[in-house]
Amino acid sequence: MPDKSFRVFATCDIGQPALEILRQRGYQLEVYPDADPPPKSLIIEKVKSGVDGLITTLRDKIDAEVFAAGNGHLKVVAQLAVGFDNINRADANVHKVPFTNTADVLTEATAEFAFFTMAAAARRLWTAEKLVREQKWGTWHPFLPFLGDEVTGKTVAIIGTGRIGLAMIKKCSGFDMDILCYDAAYQNKDYIAAIQRVMDLRFDTGIQKQRTTIRYVDLQEALSFSDFISIHVPLIREGEGGTPTHHLINDKTLRWMKPTAYLVNTSRGPVVDEVAIAQALKGKRLGGAALDVFEKEPLPSDSPLRDPAIEDTCRLYPHFASAGRITRLDPHPDKGMAGRCVQGLIDVLEKNYGGDIQQMPYVVNKEAFKRD
Ligand code: GLV
């Protein structure tokens with residue numbers, strides 16, 4: 001029986017059902033009680049005091065300072081998110097601390113949110129509802145006071161074809177869309193070929209009227225020929241390894257887009273240059289944007305994205321894409337982020353998989369634990 005009197009500090013309440021799993025196993029669990037994240041100094045203090053495991057969210061900066069404070073006794077960082085750009089992977093590797101994430105369980109929720117916000121922006125649902133609420137709905141009219149753009153049958157660019165990008169492709173293919181894919185790092189040609197077969201079948205059986213296609217193209221082609229652009233890449237800053245994605249969408253790449261195009265970002269804020277987006281919307285070089293993530297969160301009051309001049313075309317959401325009840329809180333590791341987060345923590349602390357970190361499904365930085 002492994003020693004289960006592990007000490008764990010959670011920087012955030014991840015829901016009682018998942019936390020109960022740890023308590024029932026005898027863990028000494030301390031949960032930071034506030035909704036806002038703890039200051040880094042508190043995380044360091046807790047780590048210094050000898051915790052075995054940390055439960056973190058994307059709001060916590062976990063870097064060399066935190067790992068050094070762990071001084072050999074910090075055994076795992078379990079992140080409640082698929083993205084982990086807040087955790088310095090190189091520093092984790094130097095200190096040989098495995099960290100886990102909650103990939104997979106939020107894939108469909110995030111992709112459906114991207115799809116819904118894309119459609120809501122194009123059909124101007126927010127502006128339309130405002131009309132009713134503000135008593136500005138005069139009468140039914142063929143085109144006044146405004147019209148929206150349809151999604152069905154249009155072309156969408158999927159920028160990044162990891163799990164969430166592929167799930168977005170699946171949803172877009174159900175709306176008879178042509179799909180242009182771009183990914184600098186990874187091309188899932190089998191998945192794309194399977195979607196093409198489904199598209200062909202839908203056309204051959206009369207389920208969709210137009211034949212549609214899906215293919216990988218370069219970034220410029222994807223952005224230039226699409227009516228919708230949905231971003232699904234991780235945030236990679238210069239020098240972090242791999243092709244950087246910081247400000248992938250900037251003044252230059254925005255100018256490749258059609259002036260009627262809609263941009264959707266559910267990945268990470270710094271992947272897009274917010275000033276450039278605000279300017280493109282203001283200059284009517286971009287049809288609309290639906291943004292769920294920002295360079296600074298919560299979105300500052302002086303953000304150019306709050307400019308009243310672009311209010312109708314710029315939809316803003318509070319990093320909400322994975323915010324479904326089951327997706328966020330279900331304690332089952334195959335259903336909820338909370339469940340997967342605690343399972344990742346347990347795997348490392350209790351040395352599941354014979355203690356072989358290579359075999360632990362939720363550990364991200366496996367490279368630091370290669371056996372010679
Ligand atoms: C949310 O943004 C996540 O990375 O899970």
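Here is a short chat about the ligand site, a sheet and a pocket in this predicted model.

Colleague: What makes the oxygen atom of the ligand and the side chain of His319 a polar contact?

Modeller: A polar side-chain atom of His319 lies 2.6 Å from an oxygen atom of the ligand. The cut-off for a pair of N or O atoms is 3.5 Å, so this pair counts as a polar contact. The protein covers 89% of the 190 Å² of accessible area that the ligand has on its own.

Colleague: Which polar atoms of Arg268 and Gly83 approach the ligand?

Modeller: For Arg268 it is a side-chain atom, 2.7 Å from a ligand oxygen. For Gly83 it is a backbone atom, with a ligand oxygen 2.8 Å away.

Colleague: Why does the shell around the ligand divide into 5 nonpolar, 2 polar and 1 charged?

Modeller: The ligand is surrounded by Leu58, Ala81, Val82, Gly83, Leu106, Arg268, His319 and Met337. Arg counts as charged, and Gly is among the polar residues, so Arg268 falls in the charged class and Gly83 in the polar one.

Colleague: Why are β2 and β5 said to stand at the edges?

Modeller: The open sheet has 5 parallel-paired strands in the order β2-β1-β3-β4-β5. β2 (28–31) and β5 (99–100) each have a single partner strand, so one side of each lacks a neighbour in the sheet.

Colleague: How do you know that β4 pairs with β5?

Modeller: Pairing needs at least two bridges, and 2 bridges join β4 (residues 76–79) to β5, so they pair. Val77 stands opposite Phe99 in β5.

Colleague: And what is the volume of the second largest pocket?

Modeller: About 430 Å³. Among its 16 lining residues, His141, Leu144, Pro145, Phe146 and Leu147 are closest to its centre.

Notes. Residues numbered from 1 in each chain as written. Predicted model: local features only at pLDDT ≥ 70, side-chain atom pairs only at ≥ 80, totals over all residues. Heavy atoms only, no water. 1 Å grid on protein atoms, 1.4 Å probe; cavity = no way out; pocket = protein on both sides within 12 Å on 5 of 7 lines; lining within 4 Å. Points joined across faces, edges and corners; volume = space filled by probe spheres on them. Near = heavy atom within 4 Å. Polar contact = N/O pair within 3.5 Å; in protein donor to acceptor, adjacent residues only side chain to side chain. Areas by Shrake-Rupley, 256 points an atom, 1.4 Å probe, with all protein chains shown as cover. Helix = DSSP H or I, 4+ residues; strand = E, 2+ residues; numbered from the N terminus.
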